[in-house]
Amino acid sequence: MDNRRNKQSVNDEYNSQPVQKASTWVFQKWRCTTKNASSSTSSVHEQQPREEQLREEQPPEEQPQEEPEYTHNRRSVHRQRVRKWAILDDESENWSTNVEQFYLNGDTPFCYSGVFNTPLPLDRSFWGTMLGYTSNGYLRLEHIQGWVGRMMNWRQRQQQKGATDMSWSILPPQFYNYLVDSCTKNTVSFANGKSSPFSSFFDVDYVYFPFCVENNEWLLVQVKLRNVNLVMFCSECFSSDKYRRAVHPKLMQISVYFGALLVNIKYFKKTGLFWCFEVNEDYVQSHADLYGNHGVCACMLMEHLVTGKPLNISNNFMESCIAYRRFMADQMYFWRCLPRPG
């Protein structure tokens with residue numbers, strides 16, 4: 001149908017983790033219950049003949065009405081877990097059918113997505129940058145944060161399906177800021193699993209988090225907790241001057257403060273391991289190809305490392321980034337929702 005969300009419009013090259021139809025997962029508490037709703041067709045046929053004779057025929061106006069099927073074009077975060085700030089919508093039929101339409105001629109000045117832990121207004125500037133139309137395509141903190149949220153939501157759904165190879169967690173870009181600013185309370189809440197949906201460090205083998213070097217140039221860090229090894233994945237070959245000025249100091253900060261965090265939660269006491277770090281250059285791209293695409297590259301790598309999904313980088317890296325931008329935008333817009341009043 002024309003008003004169906006563009007869930008299948010994602011480039012097939014990046015079509016991963018299909019989601020179920022909305023009618024199969026919407027919570028029963030959001031449905032309007034009707035009289036005799038608990039009785040099924042099979043139970044009617046199993047009733048004794050005497051009970052059928054004694055049953056009085058109900059007037060037509062009192063007959064229980066079947067609940068209309070929940071249309072597939074609606075979007076909600078209630079599928080895997082209800083966000084505290086989000087509510088089920090009743091107006092999704094009037095929404096823009098896909099992210100491209102919302103950017104070009106949005107039904108509202110901004111919208112919300114359930115991939116975020118808080119109600120963040122997402123305006124045309126957000127979606128335009130995500131799609132690469134504005135700001136030279138340089139993804140900002142909120143774009144990276146949204147993709148981390150989407151990946152963690154996907155992880156949660158896989159666990160609900162019984163997946164057992166989910167021994168990883170991806171922390172939002174704010175984690176780096178909390179870490180180097182010595183915001184102990186915030187970092188510990190991530191480390192001990194009290195900040196949903198992020199798992200305790202004691203329950204996973206790998207922890208990932210993105211951080212910004214400078215000018216919206218994003219890199220990804222992997223921490224192998226079992227052997228306490230830190231790996232920074234480079235997206236480009238840094239010059240000696242830039243590495244000494246912008247990269248190495250932050251890498252040292254991460255190693256020192258992250259080590260202190262592990263001591264704070266008594267991880268070292270329980271594992272007895274020591275700390276080391278390294279730089280990985282297996283996924284380096286040219287400076288020209290990375291123009292405006294540092295954040296996209298970090299998000300592509302993020303998904304590749306935790307799911308094993310091929311990077312699908314063709315000979316034209318720029319075209320691969322354009323396709324992945326649309327994939328990311330479609331995934332975030334799919335979880336469009338409404339904020340809870342108050």
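Start with the whole protein chain: of its 342 residues, 48% count as buried. This is a predicted model. Colour by secondary structure and you will find 11 helices and 9 strands. Show the surface next. The accessible area of the protein chain comes to about 17500 Å², and carbon and sulfur atoms hold 49% of that area. Now consider contacts with a sequence separation of 6 or more: 68% of them in the protein chain join residues 24 or more positions apart.

**Stop 1: Ile-144**

Select helix H5, residues 141-160, and pick out Ile-144 within H5. Is Ile-144 buried or exposed? Its relative accessible area is 1%, so Ile-144 falls under the 20% cut-off and is buried. Which residues does Ile-144 touch, leaving aside those up to four places away in sequence? Show Leu-139, Pro-173, Pro-210, Trp-218, Gly-295 and Cys-299. Then draw a distance from Ile-144 to Gln-174. The two are 30 residues apart in sequence, and their C-alpha atoms are 9.9 Å apart in space.

**Stop 2: helices H10 and H11**

Cys-299, one of the residues touched by Ile-144, also takes part in the next contact, from the H10 side. Select H10, residues 294-307, together with H11, residues 317-334. How do the two helices pack? Their axes are 10 Å apart, at an angle of about 70°. That angle lies between 65 and 115 degrees, so H10 is roughly perpendicular to H11.

Show side chains at the contact. H10 brings Val-296, Cys-297, Cys-299, Met-300 and Glu-303. H11 meets them with Phe-317, Cys-321, Tyr-324, Arg-325, Phe-327 and Met-328. Sorted by type, the residues of this contact are 9 nonpolar and 2 charged, with no polar ones.

**Stop 3: helix H7**

Move to H7, residues 184-191. Which residues of H7 are buried? Select Thr-187, Val-188, Phe-190 and Ala-191. Look down the axis of H7. These four cover an arc of only 155° around the axis, so they sit on the same side of H7. A general point helps when reading such a view: an α-helix has 3.6 residues a turn, so residues three or four places apart point the same way.

What covers the buried residues of H7? Add H6 (174-180) and H8 (240-264), which are included in that cover. Gln-174, the far end of the distance drawn from Ile-144, carries the number at which H6 begins.

Finish just past H7. Select Gly-193, which follows this helix. Its phi is positive, near 80°.

Notes:
Residues numbered from 1 in each chain as written. Heavy atoms only, no water. Axes fitted to C-alpha atoms, helices over the stretch in contact; angles between N-to-C directions. Parallel < 35°, antiparallel > 145°, perpendicular 65-115°, else oblique. Contact = heavy atoms within 4.5 Å. Nonpolar A, V, L, I, M, F, W, Y, C, P; charged D, E, K, R; others polar. Buried < 20%, exposed > 50% of the residue type's maximum accessible area, 1.4 Å probe, protein only. Arc of directions from axis to C-beta. Areas by Shrake-Rupley, 256 points an atom, 1.4 Å probe, with all protein chains shown as cover.
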